[in-house]
Structures are given as structure tokens and as C-alpha cells.
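Student: I have a chain in front of me and would like to work through its fold. Can we take it piece by piece?

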Amino acid sequence: MEKLEERVKIQLQTNVSVTVPKSDVYTIDEWKAEAIKRYGEDPRKWRFRCPKCKKQWSLEEYFEIKNRGNVSDGWQECCYCDWVSYGLLGTLGDGLIVTFPEGAPAQVFNFADAEKGVKSK
Ligand SMILES: [Zn+2]
């Protein structure tokens, strides 16, 4: 039997509340460490995937495709469709929550090679 995972309720920047598995919630430092573990120190190589169209991109590709450069958008806005992780439907259960020392948590896309909604160990 699969163990039922503890879920936590998170109030997002957008004032919407979501209830997600505890393992989907990262502090910004944990999230960065996870990205580095998966893709290395260079943030341009960090990869994400869209929960809607399932396509993947690196931040480097994001900047090329979108031709603008706000780093935080690359993990919240799809390159290929108009999906955004901070929209009403969030990440469709395939995303992560990142918390910050100050301010409300953000809902972001999952890492491109992550199992759905599962923190790598
Ligand atoms: Zn997409």
C-alpha cells in the first residue's frame, strides 16, 4: 500500500490557497540546492516543464524564445503555450511551492526531469 503523504495548506502570493504534499514544498535555498544537484551551478542550464503542454526548456532557452530576461519568469511561464504557474489553475498538481524568508510562497513549474510532484532524494 502506498503511504499517504502528509499534505499542507499554503497561502500563495496570489492569495489563493492550495493543499499540496509536504514534499512539494521547498524553501528557496532547498529549491536552489535541488536545481544545482540536477543541473549544475549555472542557472541558465536549469530545466523546467510545463504541466499543460508537457514541453521542457532551460532558462537559457527561455530567454532565447521569449527574448526578455526576468529570471523568475522562466520557472513560472511556459515558453511554448500561455500557461503560467501563478494562474488560477496553478500547476495542475505537477509543480512545486517555493517559500521565501519574506513574502508569500510562489507556485512554480516542476523540474523537467522530476517525477511528477516528487522531491528527488
Ligand atoms: Zn506549456
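Student: In which loop is Asn15 found?
Tutor: This is a predicted model, so read every value as computed. Strand β1 (residues 7–11) and strand β2 (residues 17–21) form a hairpin with five residues between the strands, and Asn15 is one of the residues in that hairpin. Asn15 is found in the loop between β1 and β2.

Student: What is the phi of Asn15, in a residue other than glycine?
Tutor: Most residues other than glycine have a negative phi. Asn15 is not a glycine, yet its phi is positive. The value is near 75 degrees.

Student: Is Asn15 buried or exposed?
Tutor: Count the other C-beta atoms within 10 Å; 12 or fewer makes a residue exposed. Asn15 has 7. Therefore Asn15 is exposed.

Student: How many bridges pair β1 with β2?
Tutor: The two strands run in the antiparallel sense. Val8 stands opposite Val20 in β2. The number of bridges between β1 and β2 is five.

Student: Lys54 also has a positive phi. Is Lys54 buried or exposed?
Tutor: Lys54 is found in the loop between β4 and β5. Its phi is about 70 degrees, although Lys54 is not a glycine. The cut-off for exposed is 12 or fewer neighbours. Lys54 has 11 C-beta neighbours inside 10 Å, so it counts as exposed.

Student: Now the overall layout. In what order do the elements of the chain run?
Tutor: The secondary structure comes to two helices and seven strands. Read the elements from the N terminus on. The order is β-β-β-α-β-β-α-β-β.

Student: What is the strand order in the open sheet?
Tutor: Five strands form this sheet, and the pairing is mixed. The edge strands are β3 (25–27) and β5 (56–58), each pairing on one side only. Neighbouring strands are turned by 45 degrees against each other on average, direction ignored. The order is β3-β6-β7-β4-β5.

Student: Which strand does β7 join through four bridges?
Tutor: β7 sits between β6 and β4 in the sheet order. With strand β4 (residues 47–49), β7 pairs in the antiparallel sense over two bridges, and Phe48 stands opposite Phe111. On the other pairing, Ile97 has Gln107 in β7 as its bridge partner. The strand joined by four bridges, also antiparallel, is β6 (residues 95–99).

Student: Which residue takes a positive phi in the hairpin of β6 and β7?
Tutor: This hairpin has six residues between the strands. The phi in question is near 90 degrees. The residue is Gly103.

Student: Why is β7 largely enclosed by the rest of the structure?
Tutor: The strand covers residues 106–111. Buried residues make up 26% of the 121 residues in the chain. In β7, the strand is largely enclosed because the number of its six residues that are buried is six.

Student: Which element supplies the largest share of the largest nonpolar core?
Tutor: That core has 19 residues, and those with the most contacts inside it are Phe48, Leu96, Val98, Val108 and Phe109. α1, α2 (59–66), β6 and β7 each supply at least two residues. The largest share, four residues, comes from β7.

Student: Which residues does Val98 touch, not counting those up to four places away in sequence?
Tutor: Val98 is among the core residues with the most contacts inside the core. Its contacts beyond four places are Tyr26, Ile28, Trp31, Pro105, Ala106 and Val108.

Student: How far apart are the end C-alpha atoms of α1?
Tutor: Helix α1 covers residues 28–39, which is 12 residues. At 1.5 Å a residue, the helix should span 16 Å. Gly40 follows, with a positive phi near 100 degrees. The end C-alpha atoms of α1 agree with the expected span, at 16 Å.

Student: At what angle does α1 run to β3?
Tutor: The helix lies across β3, β4, β6 and β7. Its angle to β3 is about 100 degrees.

Student: What separates the C-alpha atoms of Glu34 and Phe111?
Tutor: Glu34 lies in helix α1. With 17 C-beta neighbours inside 10 Å, Glu34 counts as partly exposed. Glu34 and Phe111 are 77 residues apart along the chain. Their C-alpha atoms are separated by 9.1 Å.

Note on methods:
Residues are numbered from 1 along each chain as its sequence is written. This is a predicted model: local features need pLDDT of at least 70, side-chain atom pairs count only at pLDDT 80 or more; totals for chains, interfaces and linings use all residues. A residue is buried if 20 or more other C-beta atoms lie within 10 Å of its own, exposed if 12 or fewer, and partly exposed in between; C-beta atoms are placed from the backbone. Two strands pair if DSSP finds at least two bridges between them. The expected span of a helix is 1.5 Å times one less than its number of residues. A nonpolar core is a set of buried Ala, Val, Leu, Ile, Met, Phe, Trp, Tyr and Cys residues joined through C-beta atoms within 7 Å. Two residues are in contact if their C-beta atoms, placed from the backbone, lie within 7 Å. Axes are lines fitted to C-alpha atoms, for helices over the stretch in contact, and angles run from 0 to 180 degrees between N-to-C directions.
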